[in-house]
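User: I've got a structure open here and I'd like to talk through its packing and its charged pairs. Can you take my questions one by one?

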Amino acid sequence: MIRRQPVSATADHAEERTNPAARLGFQPEQVVQEIGYDDDVDQELREAIEEVVGSELVDEDYDDVADAVVLWFRDEDGDLTDVLVDAITYIEEGGSILLLTPKTGRDGYVEPSDISEAATTAGLSAMKSVSVGKDWSGSRLATPKGAKTKR
């Protein structure tokens with residue numbers, strides 16, 4: 001006798017497995033601000049995020065608060081703590097920052113200990129680290145719940 005298990009995979013669950021932006025927690029209609037864009041960013045990830053949220057990413061000149069920030073950061077981009085503190089001012093209370101850094105062995109690689117220290121100093125909590133492409137690693141950082149900021 002063969003037992004069949006009911007399978008209830010929905011399109012949403014399938015998308016979460018295949019679309020990296022959905023796996024990273026991006027949601028439809030979110031405003032996502034992008035900081036640190038340059039020629040070396042992962043265009044496929046950018047397009048996947050835009051597909052999930054249903055609009056283009058807004059740039060550093062956006063004059064309102066966003067639901068999330070995508071921050072591309074390389075070792076030569078300056079002080080990570082300062083960049084994270086600045087990024088916090090761009091997002092809503094409880095929002096998150098997806099910090100993207102080059103993977104080990106790539107130009108601009110940032111040590112995980114430096115990311116952890118900078119996030120803690122900036123008042124952020126590391127939620128999870130993920131591989132987001134062949135050249136980039138991502139760290140989801142959450143803002144404290146009581147720190148609503150407006151620019």
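User: Let's start with charges. Which residues are linked with Asp 40 in a network of salt bridges?

Analyst: Keep in mind that this is a predicted model. One pair to look at is Asp 77 with Arg 74, where the closest N and O atoms are 2.9 Å apart. Asp 40 belongs to a salt-bridge network too, and its partners there are Arg 74 and Asp 77.

User: Is Arg 74 buried or exposed?

Analyst: The cut-off for buried is under 20% relative accessible area. Asp 77, the salt-bridge partner, has 33% and is partly exposed. Arg 74 has a relative accessibility of 5%, so the call is buried.

User: Which residue meets Arg 106 in a salt bridge, and where do the two sit?

Analyst: Arg 106 is in the loop between strand 3 and helix 5, and its partner is in the loop between strand 4 (125–131) and strand 5. They are 29 residues apart, so the pair links distant parts of the chain. Arg 106 is partly exposed at 34%, and the partner is partly exposed at 28%. The N to O distance is 2.7 Å, and the residue is Asp 135.

User: Which lysine forms a salt bridge with Asp 135?

Analyst: The closest N and O atoms of this pair are 3.5 Å apart, which fits within the 4 Å cut-off for a salt bridge. The lysine is exposed, with a relative accessible area of 64%. That residue is Lys 134.

User: And how many salt bridges does the structure hold?

Analyst: Those discussed here include Arg 74 with Asp 77, Arg 106 with Asp 135 and Lys 134 with Asp 135. For the structure as a whole, the count is five.

User: On to the nonpolar side. Which helix gives the most to the largest nonpolar core?

Analyst: That core has 21 residues, and Val 69, Leu 71, Leu 80, Leu 84, Ile 97 and Leu 124 have the most contacts inside it. Strand 2 (66–72), helix 4 (80–88), strand 3 (91–102) and helix 5 (112–121) each supply at least two residues. The top contributor gives five residues, and that is helix 4.

User: How many residues are in the other core?

Analyst: This one lies apart from the largest core. Among its members are Phe 26, Leu 57, Leu 100 and Val 132. Its residue count is 19.

User: What does Leu 124 touch, leaving out residues up to four places away in sequence?

Analyst: Leu 124 is among the residues with the most contacts inside the largest core. Its contacts beyond four places in sequence are Leu 84, Ile 88, Ile 97, Ala 119, Leu 141, Ala 142 and Thr 143.

User: How far apart in space are Val 85 and Leu 124?

Analyst: Val 85 is found in helix 4 and counts as partly exposed, at 38% relative accessibility. In sequence, Val 85 and Leu 124 are 39 residues apart. From C-alpha to C-alpha, the distance is 9.0 Å.

User: Why do the buried residues of helix 5 lie on the same side?

Analyst: The residues in question are Ile 115, Ala 118 and Ala 119. They pack against helix 4, strand 3 and strand 5 (136–142). They share a side because the arc they cover around the axis is only 100°.

User: Which exposed residues does the opposite face of helix 5 carry?

Analyst: The buried side has Ile 115, Ala 118 and Ala 119. The face turned away from that side carries Glu 117, Thr 120 and Thr 121.

Conventions:
Residues numbered from 1 in each chain as written. Predicted model: local features only at pLDDT ≥ 70, side-chain atom pairs only at ≥ 80, totals over all residues. Heavy atoms only, no water. Core = buried A, V, L, I, M, F, W, Y, C linked by side-chain atoms within 4.5 Å. Buried < 20%, exposed > 50% of the residue type's maximum accessible area, 1.4 Å probe, protein only. Helix = DSSP H or I, 4+ residues; strand = E, 2+ residues; numbered from the N terminus. Contact = heavy atoms within 4.5 Å. Arc of directions from axis to C-beta. Salt bridge = Lys/Arg side-chain N within 4 Å of Asp/Glu carboxyl O.
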